[in-house]
Amino acid sequence: MLNLASEIEVLARFGRALADPIRCQLLLALRAAPAYPSDLADAIGVSRTRLSNHLACLRDCGLVVAVPEGRRTRYELADPRLGHALDDLRTAVVAVAEDVTCADAEEKGCC
């Protein structure tokens, strides 16, 4: 059982991973199916160097794993439940966004 500090750290790691649009794209792509870095770079439209840095971040956060396959490495979500969590989070945020509009949206440039 995780203690409160551990639960907070887990959520903070997940938040760091989601804080960058490229990492979000990677997680969503890997939710669909495991993939090789070169294929991911082409699909997302980033350099392989930049992609490598983002994959390292996701590995460090414990969200993806690298699976060696001969001379290549395939990436996949560390746990299939992450795909479900991403779907649940995405649909919950969309549902909330449709129901709530920030009163200060125009002034603050949010929402």
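How are H2 and H4 oriented to each other: roughly parallel, roughly antiparallel, roughly perpendicular or oblique? I looked this up before anything else, and I found that H2 and H4 are roughly perpendicular to each other, on a scale where angles under 35 degrees count as roughly parallel, over 145 as roughly antiparallel, 65 to 115 as roughly perpendicular and the rest as oblique.

**Ground rules.** I note that this is a predicted model, in which local features need pLDDT of at least 70 and side-chain atom pairs count only at pLDDT 80 or more, while totals for chains, interfaces and linings use all residues. Residues are numbered from 1 along each chain as its sequence is written, and side-chain values use heavy atoms, with hydrogens and water left out.

**Overall layout.** I listed six helices and two strands in the chain, taking helices (H or I, at least four residues) and strands (E, at least two) as DSSP runs numbered from the N terminus. Read from the N terminus, the order of elements is α-α-α-α-β-β-α-α. The chain has 111 residues, of which 25% are buried; here buried means under 20% relative accessible area, exposed over 50%, and partly exposed in between, with a 1.4 Å probe and protein chains only. For the accessible surface of the chain I noted about 7,600 Å², with 55% of this belonging to carbon and sulfur atoms; the areas come from the Shrake-Rupley method with a 1.4 Å probe, and for residues only the protein chains shown count as cover. Of the contacts (heavy atoms within 4.5 Å) between residues at least 6 apart in sequence, 48% join residues at least 24 apart.

**The H2 and H4 packing.** I then returned to the opening pair, for which the angle is about 75° and the axes are 10 Å apart. The axes are lines fitted to C-alpha atoms, for helices over the stretch in contact, and the angles run from 0 to 180 degrees between N-to-C directions. From H2, the residues Ile22, Arg23, Leu26 and Leu27 meet Arg50, Leu51, His54, Leu55, Cys57 and Leu58 of H4.

**The core.** Which residues touch the most other members of the largest nonpolar core? I found Leu26, Leu27, Leu51 and Leu63, out of 21 residues in that core, a nonpolar core being a set of buried Ala, Val, Leu, Ile, Met, Phe, Trp, Tyr and Cys residues joined through side-chain atoms within 4.5 Å. At least two residues of this core come from each of helix H1 (4–18), helix H2 (21–32), helix H3 (37–44), helix H4 (48–60), strand E2 (72–77) and H5. H2 gives the most, with four residues. I add as background that in soluble globular proteins nonpolar side chains tend to be buried together.

**Leu26.** I took Leu26, which lies in helix H2, as a residue to follow further, and its relative accessibility of 0% counts as buried. Beyond its neighbours within four places in sequence, Leu26 is in contact with Leu40, Ile44, Leu51, His54, Leu55 and Leu58. Leu26 and Leu58 are 32 residues apart in sequence, and I noted 9.0 Å between their C-alpha atoms.

**Cys61.** I also looked at Cys61, which sits in the loop between H4 and strand E1 (64–69) and, at 5% relative accessibility, is buried. Leaving aside neighbours within four places in sequence, its contacts are Arg13 and Ala17. The C-alpha atoms of Cys61 and Phe14 are separated by 7.0 Å, although these residues are 47 apart along the chain.

**Salt bridges.** How many salt bridges does a search of the whole structure find? I recorded six, a salt bridge being a side-chain nitrogen of Lys or Arg within 4 Å of a carboxyl oxygen of Asp or Glu.

- Arg16 pairs with Glu9 at 3.3 Å, N to O; Arg16 is partly exposed at 41%, and Glu9 is partly exposed at 37%.
- Arg81 pairs with Asp79, with the closest N and O atoms 2.7 Å apart; Arg81 is exposed at 62%, whereas Asp79 is partly exposed at 23%.
- Asp87 pairs with Arg90, with the closest N and O atoms 3.5 Å apart; Asp87 and Arg90 lie three residues apart in helix H5 (residues 80–99), so about one helical turn separates them. Salt bridges that share partners join Arg31, Asp87 and Arg90 into one network.
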